[in-house]
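Please open the structure in your viewer and keep the selection tool ready, since each stop on this tour asks you to pick out a few residues and look at what surrounds them.

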Amino acid sequence: MNDPTASALTETRLDKLAALIERERKAVLAQWRQQVGQLPSAQGLDAPTLDDHVPELLDELIVAFRKVADESIAEAVLEGTPPNHGRQRFQDGFDIVEVVAEYNILRGCIHDLAERNNINLRGTAFHILNRVLDEAIGIAVQTFATQQALEVQRRREEYLAFVAHDLRTPLNAISLATQALTRGMVGAPSNPQTARMLKTLHRNERRLGELVDRVLKESDHVGTDAGVKVEAREFDLWPLVEAVVGDLQPVAETAGTRLVNSVPDDLSAHGDAALLRRVVQNLIANAINFTPRGEVTIEARATENGGVEVSVRDNGTGIAADRLETIFDKGESDSTQEGATGLGLPIVKAFVEAHGGQVTVESEEGKGSTFRFTLPGNEGAA
């Protein structure tokens, strides 16, 4: 049988504890901020960012002490701050251990407050405090983990979209080369084996094109800020550019565009050759699209800081002034270009910036464009 006197004493103690936390709320938060501020991910955050939803969690704790009833605790926490707090801490760059730590630091601050004021945190008070904070930890961590999983999925989808986009250019070159071979066979002695091989090549080129289109269509929602892993080394720049020029020659010939590799043959760069090949490929392919019967020149020079600057210059149609500021944003492709996805230049920007470099553009309508990107030297590389 419950002791009415004991229950009354418990409620009195809980009311006293709730009133104490309410009165000392600012002091508790100050102590909490001082300790949480020592966590690696919290260093440098200002007070409002650090506080986030914790002041509201204190209010929820006060309500829980006054309501006493167990069933109200989980409901209050579930509908309260922890889900939003978990999402925010993911954005703040916390790791999951630090999210747990800041709740436990708050638990310690409440214990210290009660001890200083001679309130014994035992029995129901102890149970409520732990129930509220443990529920909060569970929900915040679950939300944090969900955000983390979504971010991993987003990065994978984005990388797949980048790769699919980059396949477009060599596929186009293969298609044009196949068409040239087919035209070359007109009037020549028939060779059944060669004819079958060309049909197979045509068929598989179409299938690959459809697969690429499907991936790009399904990846319309992805951004361009996925983490890019850079495996940097020293490499010669002229052969890299020459290989890209050779691959894109069928595309350029179809457009009547002349490609000129003016990169010094003794110039080297420090970076991820595979990523930078895709940067150069996208810039040249972009220039060919807007330079029919014109010329695209690739140049490079050493910079004062030991890095390199690469430029792709064309005498094509140019870019309208009002598009220059957004030209590197996803989806900013020219709507007049068939099959344009708006990923080529954002990929260039993402890969160059991953190296610690910058990409810029100068253009005048009717006169052409020059895209430049810089790469830092070995010491300044990302």
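Begin by selecting Arg 258, which is exposed because its relative accessible area is 51%, and keep in mind throughout the tour that this is a predicted model. Now add Glu 295 to the selection: Glu 295 forms a salt bridge with Arg 258, and the closest N and O atoms of the pair are 2.6 Å apart. Glu 295 lies in strand 4 (residues 295-302) while Arg 258 lies in strand 2, so this pair ties together parts that are 37 residues apart in sequence. Glu 295 itself counts as partly exposed, because its relative accessibility is 30%.

How many salt bridges does a search of the whole structure find? The search finds 16 of them, and the next one to display is between Arg 89 and Glu 102, where the closest N and O atoms are 3.0 Å apart. Since Arg 89 sits in helix 6 (residues 82-92) and Glu 102 in helix 7 (residues 96-116), the pair ties together parts that are 13 residues apart in sequence. Are these two side chains buried or exposed? Arg 89 counts as buried, at 0% relative accessibility, and Glu 102 is buried as well, with a relative accessible area of 2%.

Next, select Glu 309 and Arg 301, whose side chains meet in a salt bridge with an N to O distance of 3.2 Å. Glu 309 is buried, with a relative accessible area of 18%, whereas Arg 301 is partly exposed, with a relative accessible area of 43%. If you then add Glu 362 and Arg 372, you will have one network on the screen, in which salt bridges that share partners join these two residues to Arg 301 and Glu 309.

From the charged pairs, turn to the largest nonpolar core, which holds 45 residues and in which Ile 284 and Phe 373 touch the most other members. Among the elements that give two or more residues to this core are helix 8 (123-184), helix 10 (237-255), helix 11 (273-289), strand 6 (359-364) and strand 7 (368-375). Which element gives the most to this core? Select helix 11 to see the answer, as this helix gives 10 residues.

Helix 12 is also one of the elements giving two or more residues to the core, and you can select it now as residues 344-354. This helix is mostly covered, with nine of its 11 residues buried, including Leu 345, Pro 346, Ile 347, Val 348 and Phe 351. Just after helix 12, look at Gly 356, which takes a positive phi of about 85 degrees.

Keep Pro 346 selected and add Ile 327, which lies in the loop between strand 5 (308-314) and helix 12. The two residues are 19 residues apart along the chain, and their C-alpha atoms are separated by 8.2 Å. Ile 327 is buried, because its relative accessible area is 6%.

For the last stop, go to the surface and select Asp 265, in the loop between strand 2 (258-261) and strand 3 (268-271). At 63% relative accessibility, Asp 265 counts as exposed. Add Glu 234, Asp 236 and Asp 266, and you will see the negative surface patch that these residues form together with Asp 265.

Notes: Residues numbered from 1 in each chain as written. Predicted model: local features only at pLDDT ≥ 70, side-chain atom pairs only at ≥ 80, totals over all residues. Heavy atoms only, no water. Patch = residues over 30% accessible without salt bridge, like charges linked within 9 Å, V, L, I, M, F, W, Y side chains within 5 Å. Areas by Shrake-Rupley, 256 points an atom, 1.4 Å probe, with all protein chains shown as cover. Salt bridge = Lys/Arg side-chain N within 4 Å of Asp/Glu carboxyl O. Lys, Arg positive; Asp, Glu negative; His and termini not counted. Charge placed at Lys NZ, Arg CZ, Asp CG, Glu CD. Helix = DSSP H or I, 4+ residues; strand = E, 2+ residues; numbered from the N terminus. Buried < 20%, exposed > 50% of the residue type's maximum accessible area, 1.4 Å probe, protein only. Core = buried A, V, L, I, M, F, W, Y, C linked by side-chain atoms within 4.5 Å.
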